[in-house]
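User: I've got a chain to go through and would like to work from its inside outwards. Can you pull it up and take my questions one by one?

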Amino acid sequence: MESIKTDILIIGSGIAGLSLALRLKDLGEITILTKKRAFETATSLAQGGIACVTEEDDSFESHIQDTLVVGDGLCKKETVELVVKSAPERIKDLIKWGVKFDKDPENPEKFHLTLEGGHSRRRILHVGDYTGRAIENTLIERVLEIENIKILENYFVVRLITENFLRPSKVIGAFVLDLTHIKPIIFLAKVVALCTGGAGKVYLYTSNPDTSTGDGIALAYQIGCRIANMEFVQFHPTCLYHPKAKNFLISEALRGEGAVLLNAEGKRFMHKYDPIRKELAPRDVVTRAIDMELKKTGAECVYLDISHLPSDYIRKRFPYIYETCLKYGIDITSQPIPVVPAAHYLCGGVYTNLWGQTDIPNLFAIGECACTGLHGGNRLASNSLLEALCFSYQASIKIREMWEELKKIPFKEPSVKELSIKEIKKKKYSFLTIGI
Ligand SMILES: Cc1cc2nc3c(=O)[nH]c(=O)nc-3n(C[C@H](O)[C@H](O)[C@H](O)COP(=O)(O)OP(=O)(O)OC[C@H]3O[C@@H](n4cnc5c(N)ncnc54)[C@H](O)[C@@H]3O)c2cc1C
């Protein structure tokens, strides 16, 4: 079987994987593997934005409190403090790489900030209503400029390789299926980072892309890593309800800007479930309220209405949502949008410490596949892009610390019984015949 040596192996090309590669670009050869095209990630679909304290009348304490309250008492406070307090520096990283956040039209020195459920004030930086796409494209551009970082598309990681197969001691690479040539390949590396995203696709109705199938969590579990909080799946209250729309999210920022929820009779209902915060209650509260309304009325969806705002403003502030809904025959400047809740975000994942390290030496997990303790039982809106950025930074610091030692250790080839493609297919890509 062909084997390829790379100093650092990153699995996943979303914000976690790309930002980690950029942070480590001077250390050696870096390979980013992705099972589809590089831009096919949850990152590309993020609309709302990224939370960060930027205004003088906002405070870290307030962002920390909002995160803890929404996490329902189950967040790890030291993680929350780390992420919230490092957010301004991590936003500077994105700006340095070329992401251009929207500025306040009235004061171009300042960012335009939007509001989302669970935040006690406006603190979400965004790029129109396509923040994730802007981040993904910019990071891919930067990565492609760097000679020693390769992105390999259509490379599906099926198993991690560890020293000592039966009692995994440290990770030394991965078994990968090259989907273009239907060929198994071994990648050997000194450090492996799982940046494989969430698992929304285990649900029928989800906002997630097809890539979100929990692979990183399975890969880590197979070699003995702890997995935590998998029961905490966040449902987004407002996904477009239309027979032809696959997984199109209607951003929370619409409610932040004043959109209201209506039941099948055209009546507002959120005041019955959360009289103070109403539409801006956290996602779990709004989702349960919608679910209750659907069960009570037997209707298939509820409606999100922003049509009371000026049409020009709606088109300018939400161009992507406006255009996409129009494609499905819904003009959001004059019609309410049919919406239903859908699986959106996995709060749990591969258990890591504050440096992104898993239980297996030299294996890191970053982004949605990781469980850092930031989200507890429920994620505060727009905290996840931030978490991925913060932990790619933390992991990069740790990997740098370890590098002098790691680079001295030679690559170790696993001894593998060769399997024909027919056998691999029959065995459902199981590589359990490995011995080291
Ligand atoms: C519609 C939508 C809107 C969102 N809006 C926001 C928002 O406004 N703000 C916010 O903070 N968060 C938002 N989120 C959440 C946020 O986008 C994600 O949590 C974040 O982008 C995850 O980044 P990631 O790098 O961990 O994973 P992803 O961006 O999902 O990337 C995962 C990568 O791993 C690869 N991969 C997976 N398995 C394998 C395998 N076996 N082999 C090889 N490659 C593999 C995939 O191909 C992909 O390249 C939103 C999510 C969705 C779905």
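Analyst: Sure. Contact, touching and covering here mean heavy atoms within 4.5 Å. The model is predicted, so local features need pLDDT of at least 70 and side-chain atom pairs pLDDT 80 or more, while totals for chains, interfaces and linings use all residues. Residues are numbered from 1 along each chain as its sequence is written, and side-chain values use heavy atoms, without hydrogens or water.

User: Which elements cover the buried residues of α6?

Analyst: Helices (H or I, at least four residues) and strands (E, at least two) are DSSP runs numbered from the N terminus. In α6, residues 215-222, the buried ones (under 20% relative accessible area; exposed is over 50%, partly exposed in between; 1.4 Å probe, protein chains only) are Asp 215, Gly 216, Ile 217, Leu 219 and Ala 220. Their cover includes β10 (155-162), β13 (191-194), β14 (227-228), β18 (337-346) and β19 (349-351).

User: What phi does Gly 224 take?

Analyst: Gly 224 comes just after α6. Its phi is positive, at about 100 degrees.

User: And α11: what covers its buried residues?

Analyst: This helix spans residues 319-327, and Ile 321, Tyr 322, Thr 324 and Cys 325 are its buried residues. Just after α11, Gly 329 has a positive phi of about 85 degrees. The cover over the buried part of α11 includes β15 (233-240), α7 (253-256), α10 (311-317) and β18.

User: Which residues touch the most other members in the largest nonpolar core?

Analyst: A nonpolar core is a set of buried Ala, Val, Leu, Ile, Met, Phe, Trp, Tyr and Cys residues joined through side-chain atoms within 4.5 Å. The largest one here has 56 residues, and the members touching the most others are Ile 10, Ile 50 and Leu 94.

User: Which helix gives this core its largest share?

Analyst: One helix brings eleven residues to this core, the largest share. That helix runs over residues 384-406 and is α12.

User: How many residues are in the second core?

Analyst: This core is separate from the one above. Among its members are Ala 245, Phe 248, Phe 269 and Ala 281, and the count is 29 residues.

User: Where α3 and α4 meet, which α4 residues take part?

Analyst: On the α3 side, the meeting residues are Phe 60, His 63, Ile 64, Thr 67 and Leu 68. Their α4 partners are Lys 77, Val 80, Glu 81, Val 84, Lys 85 and Pro 88.

User: Which residues does Arg 37 contact, leaving aside neighbours within four places in sequence?

Analyst: Arg 37 is in the loop between β3 (30-34) and α2 (42-45). With a relative accessible area of 39%, Arg 37 is partly exposed. Apart from those sequence neighbours, Arg 37 has contacts with Glu 153 and Asn 154.

User: How far apart are the C-alpha atoms of Arg 37 and Pro 237?

Analyst: Along the chain, Arg 37 and Pro 237 are 200 residues apart. In space, their C-alpha atoms are separated by 28 Å.

User: Is Lys 278 buried or partly exposed?

Analyst: Lys 278 is not a glycine, yet its phi is positive at about 45 degrees. It sits in the loop between α8 (270-273) and α9 (283-297). Because its relative accessible area is 32%, Lys 278 counts as partly exposed.

User: And Asn 362, buried or exposed?

Analyst: Asn 362 is another residue other than glycine with a positive phi, near 70 degrees. Its loop lies between β19 and β20 (363-365). At a relative accessible area of 13%, Asn 362 is buried.
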